Amino acid sequence: MQPELDKLEINRIKLINSVAFFSTATCLVIGILTIFEGLLVQSVFIFTAGVLFAVTFIFSYYHKHPQGRSYLVSVGSLLIIGLAVNAYRNQLYTDTENILFAFMALSILIFSGPSQHYRYWVLFGIIIYLKFLKAQYSSQVLDLSFYILIQNTTVLAILLYSFLVYFYRAFTSSVKALDESEKTLYNLIDNVSLFVALFNPDGTYKVVNRHYEKALNLKKEQIQGKRAQEVFPQDIANWQSDVVKEAVRTGESIKTKKSFLLPNDSSFVGFGRANPIKNANGDVIAVAGYINDISELENIRQKLEEVNQSKDRVFSIVTHDIRSPLNTFEGILNSTRYQIITSENFAEFIEKLKSEFTPIKETIDDLFRWAKANMEDIEANIIEFDSDKIIKEMIEGSSSLANQKEIKVEIKGECLKLKMDPDHFKIALRNLIQNAIKFSNIGATVTINQYQDTKNLFVTVEDEGIGISSEQIDAIKSGTACNPTTGQQGN
């Protein structure tokens, strides 16, 4: 795996590849021209130079960038030196050596550290040597005009060097500042709790943040440049593509929301927006999109709904279960309205009233404990106990209601060892017994059955009443609170 390159190095590589391309193309064009000029030796030399320049791309392909830039400058310089010497020998006293100024400039731009400076001045020294060599081949007298030429060439080299060093430093500083700004921006984008992406108008990803990496288990480089269909499941990909297309088509901001399963098997509820980015002509050149993961909020909303449903169910049950014992209590008080209470039977009456009030109090206490447990999400107190004891206790607590209707409550089956919260068992059983009595005719029998199979223990309450509708059964199974209904005696 190749190390990540900084912006400056990327720009150097682009410059090297551009120079290699144009050098190869130039050699091809000049080589063809020299053929027409009848300079066959030169044309062969130039075509060979083009091939040598093209070799630079091999270094780039294998990511050997330092070797590639050294190769380009060295080969280019040697080719220019060879062309210049060949021209001198053929009495063509052109200024071919001045092309080395281009490679001097290239040395400053593509190298860093001391090498960019010493390469520059080494190449300049070669230019000066070639000018003396050209003067020797042309039998030129080394007079004042020749030394003025050398002087002017030196001044040009110094001015070019000063400009290139200044330009290189300014360019390096700008690239580094831009790189730091981009890193800061990407850090901000990566650290927001949103999926952020920049789309090209054709729907391909231009930029994505780290949330895409985490969700897809892919690197940014593996996502950017691809369409959603290439990295996401079909349903998610179609959703994103449709939103981007709509933003491009309308040129307006588009809001969206969708629930789905991510490739890493995590559930996701996305709420987001796609905002088109336009140029000066109003054409959409990109689409900036963000998606906020509102899965947690959605879960909280669902829990709140469940709590509200539980609250309604609790109040419905509490209202229903308190009504029956209070009606019984009211009946006891009414039965004494026309009786004369003497000092002899007062104590007996108070004792009877107390015996009737105690089950009502226990019923209310149990219901409120259960209601509190449901509304505060308190864990159940799981213990092991005998079913008979609580069954008999619940029958005793409902005896007054049963006696009013002359209903017989009997137990069948052997005692079971139950392991659960006894308060929950009491509430459920009391509710079943009192409902059985409530909806039974006068003189009927309510039977409490205890039995077990290979896996489960069963406690059932069976009555001879009117039964329950299928709609009410469905409501109970779904956890929906049912409205209380009156029993056989209107209670």
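Phe 195, Phe 199, Tyr 205, Tyr 212 and Phe 232 come together in one aromatic cluster. I begin with this group, and I should say at once that the model on the screen is a predicted one.

Please look at what surrounds the cluster. Gln 240, found in helix H10, residues 234–250, touches four of its members, namely Phe 199, Tyr 205, Tyr 212 and Phe 232, and also Ala 228 and Ile 291, when residues up to four places away in sequence are not counted. Is Gln 240 buried or exposed? Its relative accessible area is 6%, and buried means under 20%, so Gln 240 is buried.

A second neighbour is His 211, which has its place in helix H8, residues 210–216. His 211 touches Phe 195 of the cluster, together with Asp 190, Val 192, Ser 193 and Leu 194, again leaving aside residues up to four places away in sequence. With a relative accessibility of 15%, His 211 also counts as buried.

If we follow the chain past H8, we come to Asn 217, in the loop between H8 and helix H9 (220–223). Asn 217 is not a glycine, yet it has a positive phi of about 55°. At 61% relative accessibility, this residue counts as exposed. There is a further case of this kind: Glu 406, although not a glycine, has a positive phi of about 55°. Glu 406 sits in the loop between helix H14 (399–404) and strand E7 (408–412), and it counts as exposed at 60% relative accessibility.

Let me now turn to the whole protein. It contains 16 helices and 10 strands. Of its 491 residues, 36% count as buried. The exposed surface comes to about 29400 Å², and carbon and sulfur atoms supply 58% of that area. Among the contacts with a separation of 6 or more, 60% are between residues 24 or more positions apart.

Next, the interior. In soluble globular proteins, nonpolar side chains tend to be buried together. Which residues have the most contacts inside the largest nonpolar core here? They are Phe 53, Leu 72, Met 104, Leu 106 and Leu 130, in a core of 40 residues. At least two residues of this core come from each of the helices H1 (7–36), H2 (40–54), H4 (65–89), H5 (100–110), H6 and H7. H4 gives the largest share, with nine residues. To see one member in its setting, consider Phe 53: not counting residues up to four places away in sequence, it touches Ala 20, Ser 23, Thr 24, Cys 27, Leu 72, Gly 76, Leu 79 and Phe 103. Apart from this core lies another one, of 25 residues, which includes Phe 199, Tyr 205, Ala 215 and Ile 291. Two of those names, Phe 199 and Tyr 205, we have already met in the aromatic cluster.

I return to aromatic rings. How many aromatic pairs does a search of the whole structure find? The search gives 18. One of them joins Trp 121 and Tyr 161, whose centres are 5.2 Å apart with 50° between the planes, and this pair is tilted. Trp 121 belongs to helix H6 (residues 114–137) and Tyr 161 to helix H7 (residues 144–191), so the pair ties together parts that are 40 residues apart in sequence. Trp 121 itself is partly exposed, at 33% relative accessibility.

Why is the pair of Tyr 451 and Phe 458 called stacked? Its ring centres are 4.9 Å apart and its planes stand at 15°; planes under 30 degrees apart count as stacked, so this pair qualifies. Tyr 451 is partly exposed at 42%, and Phe 458 is partly exposed at 27%.

A ring may also have a charge over it: the charged end of Arg 119 sits over the ring of Phe 111, 4.1 Å from its centre.

My final example is helix H13, residues 387–397, where Ser 387, Ile 390, Ile 391, Met 394 and Ile 395 are buried. These buried residues cover an arc of only 140° around the axis, which puts them on the same side of H13. An α-helix has 3.6 residues a turn, so residues three or four places apart point the same way. On the other side of H13, Lys 389, Lys 392 and Glu 396 are exposed.

How values were computed. Residues numbered from 1 in each chain as written. Predicted model: local features only at pLDDT ≥ 70, side-chain atom pairs only at ≥ 80, totals over all residues. Heavy atoms only, no water. Phe/Tyr/Trp six-rings, centres within 6.5 Å; stacked < 30°, edge-to-face > 60°. Helix = DSSP H or I, 4+ residues; strand = E, 2+ residues; numbered from the N terminus. Buried < 20%, exposed > 50% of the residue type's maximum accessible area, 1.4 Å probe, protein only. Lys NZ or Arg CZ within 6 Å of the ring centre and 35° of its normal. Contact = heavy atoms within 4.5 Å. Areas by Shrake-Rupley, 256 points an atom, 1.4 Å probe, with all protein chains shown as cover. Core = buried A, V, L, I, M, F, W, Y, C linked by side-chain atoms within 4.5 Å. Arc of directions from axis to C-beta.
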